[in-house]
Amino acid sequence: MPKKYHISTKATPLDLEYLFKFRITRGENCINCGKCTKVCIYEAHKREIGDPRKMAAPNTAVCRNCFRCIQECPRGALEKSLNQDFLNSDGSYWKSNMLISLWKQAEDGKVPVSGAGYRGPFTGMGFDGMWTDMSEIVRPTRDGIHGREYISTAVELGRKLNHLVFDADGKLLSRIFDTVHLPLPIVFDLPAENLPGNVQAALAKAAAELDTFLILPVAGLTKDFEPYADNIIPLLTHKEIDQYSALLKNARLAALQYDGELLNNYQAVKVKMKGISSAPVIIRIPAGKDVEDTVSQLVHSGAEIIHIVADYCGLEVNGHASSHPRLIKDIIRAVHLRLVSEGIRDEVSLIFSGGIAMAEHVPKAMICGADLTAVDLPLLIALGIRLYEEPEKFLVLPEGLENIPVPILTQRIVNLMGAWHSQLLEVMGAMGIREARRLRGETGRAIFFEEVDEDTFGKLFKNREAVRL
Ligand code: SF4
Ligand code: SF4
């Protein structure tokens, strides 16, 4: 049995004020009786340090909305409201609750617990309209998830053979392609340009500690990244191959930015790359309208790994505002099924990114057909960076972020991935799947809302439409 993959998490709070949901305010009619200090188990209410006769301002960031202090205050001096900052940061895809959840997972590395009952909607856009089959959840051996049963979250990146060929003497004739083993079906994608040096170093260090990779444009690869060279995927254009041949020689994986010229000359580019290094090559391509056609052509030309990048909300890129851009869930399914129908799915590994915002998106993307995902913005949210969607993607870095030591930032990213790894194990355990690679394309183990909706009401509404016509 392979060694169990373990992520060491450690409580790592940051002394920064992040988003919080509820604001508690204390009115002037407070008589400083101190009853609220006793009833709030989260210690939102404390006395002033300099003058214990008075109450300090409530620490509303820790409030869990239990209402107890409001009910128990003898003077009705406490009021609770939704924090305006929380409301302002709520986007159509990146919800404020998601930002807070990512921040907390980075703080302690634990699986988030929503508390007494789920009061949210049961379906929504994209991955929210997809439910995984949890029929194994009551299985007696489920306790093995974190114990004696081994569930592997490992995947391989690279081209695989459809079958093996042997000669008459039983000698293997097939050439086995180089693949790269990853213990977690996640790589890191550089979430934004112009990040402070300590943030970039923490991303690379965390990738190394987790035994995964960080994709970095070659232009930004300074000497500071040398200690993490084994865990960095240099991203370049095919025109830069000669310029960076020394760097490519030692890379374990390399990534090429897609353009039309690359598609026309991929065989030649591949020969050139293989002349420099045996590292598997990733082609990074935007998730445009006809991405499945391009992916198919690339695989027929010998592409071994393709990284398909949707926009930061998981939407098809370059779609017209008037059209309905596809969601990443549907893009993954379209690409996967296209390759399956052509009998070439196993010849390529597919990485998807854009809109991978929560732990559950990783197994859901795999069920739709991804081999693994690339994560970007959640890594920054883990470090206290705020994301606003309107009018376009807008990141607000907390004051003082550039002075936080690299080990602290690294641990927060490790914590986030620790929490995601635990959630992946929970989902796989509940589905009765013991190997992450077997999640790929298992759509029979998931329910898609739009399909159920169509099955249940489709005919009814189609008939209505026909009657109206
Ligand atoms: S319980 Fe009410 S009156 Fe007493 S200290 Fe708290 S806010 Fe003030
Ligand atoms: S509502 Fe509950 S959690 Fe929030 S401050 Fe009051 S007692 Fe504490």
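What radius of gyration would a compact globule with 469 residues have, and what does the protein have?

**Figure 1. Overall view of the predicted model, with its fold content and dimensions.** For a compact globule of 469 residues a radius of gyration near 23 Å would be expected, and the protein, at 25 Å, agrees with that expectation. The C-alpha trace extends over about 90 × 70 × 50 Å along the principal axes of the protein, and the chain is built from 14 helices and 16 strands. Of the 469 residues, 48% are buried, while the exposed surface comes to about 23700 Å², with carbon and sulfur atoms supplying 53% of that area. When contacts between residues at least 6 apart in sequence are considered, 69% of them join residues at least 24 apart. The side chains include 55 positive and 59 negative ones, and the centres of these two sets are 6 Å apart.

**Figure 2. Close-up of strand E8 and the strands that pair with it, E7 and E9.** Strand E8 comprises residues 232–236, and five of its five residues are buried. The cover extends to both faces of the strand, with Ile232, Pro234 and Leu236 buried on one side and Ile233 and Leu235 buried on the other. Strand E7, which spans residues 214–217, pairs with E8 in the parallel sense over four bridges, and within this pairing leucine 235 of E8 is the bridge partner of proline 217. Strand E9, residues 254–257, also runs parallel to E8 and is joined to it by two bridges; here leucine 236 stands opposite leucine 256 of E9.

**Figure 3. Close-up of helix H9 and the elements against which its buried residues pack.** Helix H9, formed by residues 291–300, is mostly covered, in that seven of its ten residues are buried. The buried residues are Val291, Glu292, Thr294, Val295, Ser296, Leu298 and Val299. These buried residues of H9 pack against two helices, H7 (260–264) and H10 (328–341), and against three strands, E10 (281–286), E11 (305–309) and E12 (349–353). Just after the helix, glycine 302 adopts a positive phi of about 105°.

**Figure 4. Close-up of cysteine 368 in helix H11.** Helix H11 covers residues 361–368, and cysteine 368 belongs to this run. Because its relative accessibility is 1%, cysteine 368 counts as buried. When neighbours within four places in sequence are left aside, the residues in contact with cysteine 368 are Met130, Lys329, Ile332, Arg333, His336, Gly441, Thr443 and Phe448. The view also takes in leucine 337, which is 31 residues away from cysteine 368 along the chain, with 9.2 Å separating the C-alpha atoms of the two residues.

**Figure 5. Close-up of threonine 132 in strand E3.** Threonine 132 is part of strand E3, which is formed by residues 130–132. With a relative accessible area of 17%, threonine 132 is classed as buried, because the cut-off for that class is under 20%. Apart from neighbours within four places in sequence, threonine 132 is in contact with Lys364, Ile367, Val427, Met431, Arg445 and Ala446. Among these contacts, Lys364 and Ile367 have residue numbers that fall within helix H11, residues 361–368.

Note on methods
Residues numbered from 1 in each chain as written. Chains lettered and ligands numbered in written order. Predicted model: local features only at pLDDT ≥ 70, side-chain atom pairs only at ≥ 80, totals over all residues. Heavy atoms only, no water. Rg over C-alpha atoms; globule rule 2.2 N^0.38 Å. Buried < 20%, exposed > 50% of the residue type's maximum accessible area, 1.4 Å probe, protein only. Contact = heavy atoms within 4.5 Å. Areas by Shrake-Rupley, 256 points an atom, 1.4 Å probe, with all protein chains shown as cover. Lys, Arg positive; Asp, Glu negative; His and termini not counted. Charge placed at Lys NZ, Arg CZ, Asp CG, Glu CD. Pairing = 2+ DSSP bridges.
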